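Colleague: I am new to this structure and would like a close look at one part of it. Please take me through the nonpolar core and what lies around it.

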Amino acid sequence: MSNPASPPAVDVLDERPGLTFPPGFLWGAATAAYQIEGAAAEGGRTPSIWDTFSHTDGRVVAGHTGDVACDHYHRLGGDVALMAELGLKSYRFSVSWSRVQPGGTGAANPQGLDFYRRLVDDLLANGIEPWLTLYHWDLPQPLEDAGGWPARDTAARFADYTTLVADALGDRVRYWTTLNEPWCSAFLGYGSGVHAPGRTNGADAVRAGHHLMLGHGLSVQALRAARPGAEVGVTVNLYPVDPASDAPADVDAARRIDGLANRFFLDPLLRGSYPEDLVTDLSAVTDFDHVHDGDLATISTPLDVVGVNYYSRHVVAAPTGGGEAASAPSCWPGSEDIRFVTRGVPVTDMGWEIDAPGLLETLRRVHDYTDLPLYVTENGSAFVDTVVDGQVDDVDRLAYFDAHLRAAHEAINAGVPLRGYFAWSLMDNFEWAWGYTKRFGMIHVDYDSQVRIPKSSAKWYASVIRRNGLAAQ
């Protein structure tokens, strides 16, 4: 559905003064390993849970897999050249755990590390700051076979893997993210099962969430030991959650979903505790016996930065009382029958409501938790793109970016220590369970020919970076 609002009146060459961001604001774009790299069985890489999941019938739209994806593994140099043409100041990428450490244990794979060394060196040679994410959902399959994230040992294995990557790349990489969106890994992977590994058990999802955060804390400690000068953070995907009405039951529904979507991670990571109401809400699912003494202190190991991924807002209502949804696998354990309400506002091709003010609200909320520097580590939109005469005029995506950057600027004016913004995504890619049917990229990818075409949004974003701000409206 198109955004009915007129696209910003911005010519990509227009340098009129408008909204200026602070000096040194870090302008970037982001990707993830399984979504772009391809070369799934090359260079010593072994299967991850996403390889297994995507090769299982019925899991991914049209049977798509990440076997080839954007073939970034073989096209690294050309892709970095495109980043340089856009003027990116930073590139956020993830490392494939099973490319670096096949099987999830033992020694590092030299070929895997060499690929990331080449990437980092090429970025630095082009004046682009590498921003490395250690985990973007691609757990080595043998670790899943041993229990996956619901198993406590996986957290320890993650710390070992962290040390391997830090030893190899820490002399050239300043910024490190431990986990990307642990909510998705835990609640979509082990609760609803719509993401890898496709398990559907609420208690497992809660345990996975805890052990992901425990792995994060151990990873931070491993990074501090290996590279004391590193800037270390974590990225969480957050949503404002509003009740559909002022009715007490709807207000309580919003409290419950906010607990699972946001406070489940923000409170342990930044306050060293689980919210009492969340523990009560989950009492029928788990008794939290997986939380051991000292875990929360490890999880809340001090950070240098916090990454925020923002896409949309949740509006929820109390259950109808029919219990229709209660028996279906859910990413909301203990709150399966709460209803998500649509408001009739414009949506992206994912069906996600477009709500730029929600970014301001989310950034201010995280700032209430911490004075640490914040970065928008993902923000973007999927729309149906059409190539016409070799061009892609993605006015809806451009309008989405513009509106959200104006909200980010407003957050800075409100005192939020926002230091950078990463557009999702650099290029069209494998969109998880949606395969290649959804396009988020600023650069169009023809998956048959692997030809890249910068879209209008890419040219516009380059002008934003060049002026360090937005043109006048």
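Which residues touch the most other members of the largest nonpolar core?

Modeller: A word of caution to begin: this is a predicted model. The largest nonpolar core has 143 residues. Trp-50, Trp-176, Phe-187 and Tyr-461 touch the most other members. Helix H10, residues 248-271, gives the most to this core. Its share is nine residues. There is a general tendency behind such a core: in soluble globular proteins, nonpolar side chains tend to be buried together.

Take Trp-50 as a starting point. Set aside its neighbours within four places in sequence, and look at what remains. Trp-50 is in contact with two other tryptophans, Trp-137 and Trp-432. Tyr-34 and Phe-430 also touch Trp-50. So do Val-60, Ala-196 and Ala-433. Asp-138 and His-195 complete the list of contacts.

Now go back to H10. Helix H10 lies across strands E7, E9 and E10. Its direction is at about 170° to E7. An angle over 145 degrees counts as roughly antiparallel, so H10 and E7 are roughly antiparallel at about 170°.

Those three strands form an open sheet in the order E7-E9-E10, with mixed pairing. Strand E7 (241-243) and strand E10 (339-340) are the edges, and each pairs on one side only. E7 pairs with strand E9, residues 314-317, in the parallel sense. Three bridges join E7 and E9. In one of the pairings, Asp-242 has Val-315 of E9 as its bridge partner.

His-314 also belongs to strand E9. With a relative accessible area of 15%, His-314 is buried, because the cut-off for buried is under 20%. Residues up to four places away in sequence are not counted among its contacts. His-314 touches Tyr-239, Pro-240, Val-241 and Asp-242. Ile-257, Trp-332 and Phe-340 touch His-314 as well. Three of the elements already named appear here: Asp-242 pairs into E9, Ile-257 falls within the range of H10, and Phe-340 falls within that of E10.

Another strand to look at is E11, residues 374-378. Five of its five residues are buried, so E11 is largely enclosed by the rest of the structure. Strand E8 (residues 305-309) runs parallel to E11, and four bridges join them. Val-308 stands opposite Val-376 in E11. E11 also pairs with strand E12, residues 418-424. That pairing is parallel too, over three bridges. Here the bridge partner of Val-376 is Tyr-421 in E12. Val-376 therefore has a partner in E12 as well as Val-308 opposite.

Helices offer further detail. Tyr-161 sits in helix H7, residues 153-169. At 0% relative accessibility, Tyr-161 counts as buried. Beyond its neighbours within four places in sequence, Tyr-161 is in contact with Val-95, Ser-96, Trp-97, Val-100, Gln-101 and Leu-134. Ser-219 is 58 residues from Tyr-161 along the chain, yet their C-alpha atoms are separated by 8.5 Å.

Last comes a pair of helices. The axes of H3 (residues 76-86) and H5 (residues 110-125) come within 10 Å and cross at roughly 30°. H3 and H5 are therefore roughly parallel to each other. Their crossing is right-handed. From H3, Leu-76, Gly-77, Val-80 and Met-83 take part in the meeting. From H5 come Phe-115, Arg-118, Leu-119, Asp-122 and Leu-123.

How values were computed:
Residues are numbered from 1 along each chain as its sequence is written. This is a predicted model: local features need pLDDT of at least 70, side-chain atom pairs count only at pLDDT 80 or more; totals for chains, interfaces and linings use all residues. Side-chain values use heavy atoms; hydrogens and water are left out. A nonpolar core is a set of buried Ala, Val, Leu, Ile, Met, Phe, Trp, Tyr and Cys residues joined through side-chain atoms within 4.5 Å. Buried means under 20% relative accessible area, exposed over 50%, partly exposed in between (1.4 Å probe, protein chains only). Helices (H or I, at least four residues) and strands (E, at least two) are DSSP runs, numbered from the N terminus. Contact means heavy atoms within 4.5 Å. Two strands pair if DSSP finds at least two bridges between them. Axes are lines fitted to C-alpha atoms, for helices over the stretch in contact, and angles run from 0 to 180 degrees between N-to-C directions. Angles under 35 degrees count as roughly parallel, over 145 as roughly antiparallel, 65 to 115 as roughly perpendicular and the rest as oblique. A crossing is left-handed if the near helix is turned anticlockwise from the far one by less than a right angle, and right-handed if clockwise.
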